[in-house]
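Please describe how the helices of this model pack against one another, what surrounds its ligand, and where its backbone departs from the usual geometry.

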Amino acid sequence: MNGRTIEGQSASVDCKGGTMSDSWTKPINSGDVPNDGSTFDVIVVGGGPGGAAAAAYAAMEGNHVLLLEKAVYPRDKTCGDAVGGKSLKHVEELGVKPLVESTPHNRVTGIVFSSANGQEIHCSLPEEEIENKEAGYALPRLQFDYMMFSRANELVLENGGSVIQDFTVTNVNVVGDGESQKIVGVTGIVGGKRSKNEPLTFTAPLTIGAGGYICPVAKTVTETCHNEPMRDDLHYCGAYREYWVDVGGCEGSKIPIEIHFIKEVIPGYWWIFPVGVNDEGKTVVNVGIGMVINEMNKRSVKLKKLQKWVIEEHPVFSERFKNATMVKGSGKGHQLPFGSPRKNAPSFQPRRSAMAGAICVGDAASLVDPFSGEGIGNALVSSKIAVSHFDKDAHSNGFPTSAADAYMQELWGTLGPELTNSLKMQKMVRKTWLMNWVLKKANKKQAIKDMLEQSLSSKEAQEEMKSTWNLLKLLLF
Ligand SMILES: Cc1cc2nc3c(=O)[nH]c(=O)nc-3n(C[C@H](O)[C@H](O)[C@H](O)COP(=O)(O)OP(=O)(O)OC[C@H]3O[C@@H](n4cnc5c(N)ncnc54)[C@H](O)[C@@H]3O)c2cc1C
């Protein structure tokens with residue numbers, strides 16, 4: 001494991017494979033704020049991994065981009081901090097991989113699962129994958145998002161575009177009625193609604209919504225313009241994370257990430273993800289819990305309270321936490337919009353994510369894996385697909401409905417099979433007896449271990465995982 005820094009702690013020690021740096025703690029210079037009324041080829045709302053990737057890909061295609069972000073970097077994002085193999089391909093393409101490699105990170109080398117009856121299996125990632133740096137990383141989002149945004153900032157400015165941090169989009173501007181409605185840009189305020197600054201309006205033929213689960217562009221595309229639901233508690237997940245040090249069993253190097261299907265937490269799961277070491281050489285772990293909101297409501301579950309119970313009272317885990325300390329102020333909750341297929345989707349799966357003038361990506365398009373909770377990879381995949389559907393010359397008068405539909409079809413064609421499969425897996429783990437049985441089987445059969453690792457280490461799902469029959473075959477024979 002390499003050195004690292006997380007919120008509330010200072011920069012740490014040596015960094016394997018690169019120069020130790022705390023560069024992600026410095027402000028990012030985004031240049032001048034463009035004039036009110038300025039026009040761009042593409043406006044991107046939100047500068048998380050999805051928005052940063054969309055802005056970077058669009059700038060690399062020679063577009064004049066405006067990237068708008070509510071926060072000021074560096075900023076924290078509540079997450080499990082696992083950046084899977086699927087993300088790394090894009091991280092590399094965008095030129096961010098050397099930055100990640102040269103700063104502290106924990107390369108994921110193995111995964112531990114446990115079932116309700118305490119049965120554990122240890123899955124190791126193939127050495128070759130680790131050597132080729134194709135395995136995922138665990139590193140604080142404070143750091144990862146900074147590097148993604150910083151690269152997007154560089155590419156957008158180099159290509160004559162603009163970036164504004166501390167800019168809250170307050171309105172998504174729509175013209176026309178009914179079938180002829182189209183999004184033409186956004187209005188927002190530097191410093192947010194509470195500031196005394198005048199609102200600024202920007203226009204573009206394409207606005208990309210990358211504002212996460214409460215993205216204003218997604219709201220306009222779904223509820224305002226199509227009267228389709230944006231939120232669905234059956235497919236939204238609540239999650240809570242804290243950082244801890246001195247957790248038993250997390251010492252030394254090559255520490256696996258852990259996923260536990262604890263009886264009292266099912267239908268959710270509890271995780272322990274090591275993300276680095278602090279100044280004192282102690283392993284820092286991201287400890288968190290997640291559950292579908294519909295289930296939380298049915299059971300009146302409070303995630304923070306449930307995690308406290310696991311840490312203080314669970315017969316196995318309380319032992320591991322008896323000498324552990326929580327990093328002050330690190331407890332935060334957030335929501336994950338899952339990409340699981342909706343039963344009666346009014347138009348597109350998992351929900352409408354584009355229309356004339358706009359495309360949504362990442363959490364704004366509800367694309368988080370409903371089993372693993374991984375959303376960074378799909379945010380990057382959707383961003384690349386989104387940009388590939390825009391042609392600044394052909395679409396100079398507005399991104400058309402036909403291109404929006406083509407985006408949604410390609411998106412679901414690409415991600416639909418694995419998201420559908422992940423929903424099956426999510427439902428399967430709710431059955432404790434089945435999970436106990438699967439882990440028992442997995443301990444005996446390498447192919448099942450591989451399948452579980454595949455789902456949770458964020459790599460692209462293999463062909464054989466795409467049908468219930470193949471899943472059953474793997475389990476039964
Ligand atoms: C507890 C938890 C654990 C998770 N663990 C993992 C994990 O281990 N691995 C993984 O891959 N995924 C994980 N996820 C999911 C992952 O965090 C998201 O899928 C991912 O962040 C999506 O990226 P995004 O760019 O679409 O959205 P976000 O990362 O949410 O970024 C959205 C950006 O938009 C900005 N914004 C919002 N509104 C506005 C506005 N009005 N104007 C301007 N800017 C705006 C925000 O400030 C933010 O920077 C986890 C999520 C949670 C909550």
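Helices α1 and α5 are roughly parallel to each other, because their angle falls in the class under 35 degrees (over 145 counts as roughly antiparallel, 65 to 115 as roughly perpendicular and the rest as oblique). Their axes come within 8 Å and cross at roughly 25°, where axes are lines fitted to C-alpha atoms, for helices over the stretch in contact, and angles run from 0 to 180 degrees between N-to-C directions. Helices (H or I, at least four residues) and strands (E, at least two) are DSSP runs, numbered from the N terminus. The model is predicted, so that local features need pLDDT of at least 70 and side-chain atom pairs count only at pLDDT 80 or more, while totals for chains, interfaces and linings use all residues. Residues are numbered from 1 along each chain as its sequence is written.

The crossing of α1 and α5 is left-handed, meaning that the near helix is turned anticlockwise from the far one by less than a right angle, with clockwise giving right-handed. On the α1 side the contact involves Pro49, Ala52, Ala53, Ala55, Ala56, Ala59 and Met60, which meet Asp145, Met148, Phe149, Arg151, Ala152, Leu155 and Val156 of α5; contact requires C-beta atoms, placed from the backbone, within 7 Å. This contact has twelve nonpolar, no polar and two charged residues, where Ala, Val, Leu, Ile, Met, Phe, Trp, Tyr, Cys and Pro count as nonpolar, Asp, Glu, Lys and Arg as charged, and the others, Gly among them, as polar.

Helix α10 packs with both α1 and α2. The three pairs are listed here.

| Helix pair | Angle | Axis distance | Handedness |
|---|---|---|---|
| α1 and α5 | roughly 25° | within 8 Å | left-handed |
| α1 and α10 | about 30° | 8 Å | right-handed |
| α2 and α10 | about 45° | 8 Å | left-handed |

With an angle of about 30°, α1 and α10 are therefore roughly parallel to each other. Their contact is made by Pro49, Gly50, Ala53, Ala54, Tyr57 and Ala58 of α1, together with residues of α10 including Ile376, Leu380, Lys384 and Val387. By class, it has ten nonpolar, three polar and one charged residues.

Helix α2 (residues 85-93) and helix α10 (residues 376-388) pack at about 45°, and they are therefore oblique to each other. Here Lys86, Ser87 and His90 of α2 meet Ile376, Gly377, Leu380, Val381 and Lys384 of α10, a contact with three nonpolar, three polar and two charged residues.

Around the ligand there are 39 residues, of which Gly46, Gly48, Gly212, Gly362 and Gly375 come nearest; a residue is near if its C-beta atom, placed from the backbone, lies within 6 Å. Elements giving two or more residues to this shell are α1, β9, β13, β18 and α10. The shell divides into 15 nonpolar, 17 polar and seven charged residues. Domain 1 (23-106 + 136-231 + 349-421) and domain 2 (236-338 + 423-476) both contribute to the shell, so the ligand lies between them; the domain bounds come from an automatic or database domain assignment.

Three backbone features complete the account. The peptide bond from Tyr73 to Pro74 is cis, with omega near 0°, and Pro74 sits in the loop between β2 and β3. The bond from Gln349 to Pro350 is also cis, with omega near -15°, and Pro350 belongs to the loop between β18 and β19. Asp166, a residue other than glycine, has a positive phi near 60° and lies in the loop between β8 and β9.

Technical notes: Two residues are in contact if their C-beta atoms, placed from the backbone, lie within 7 Å.
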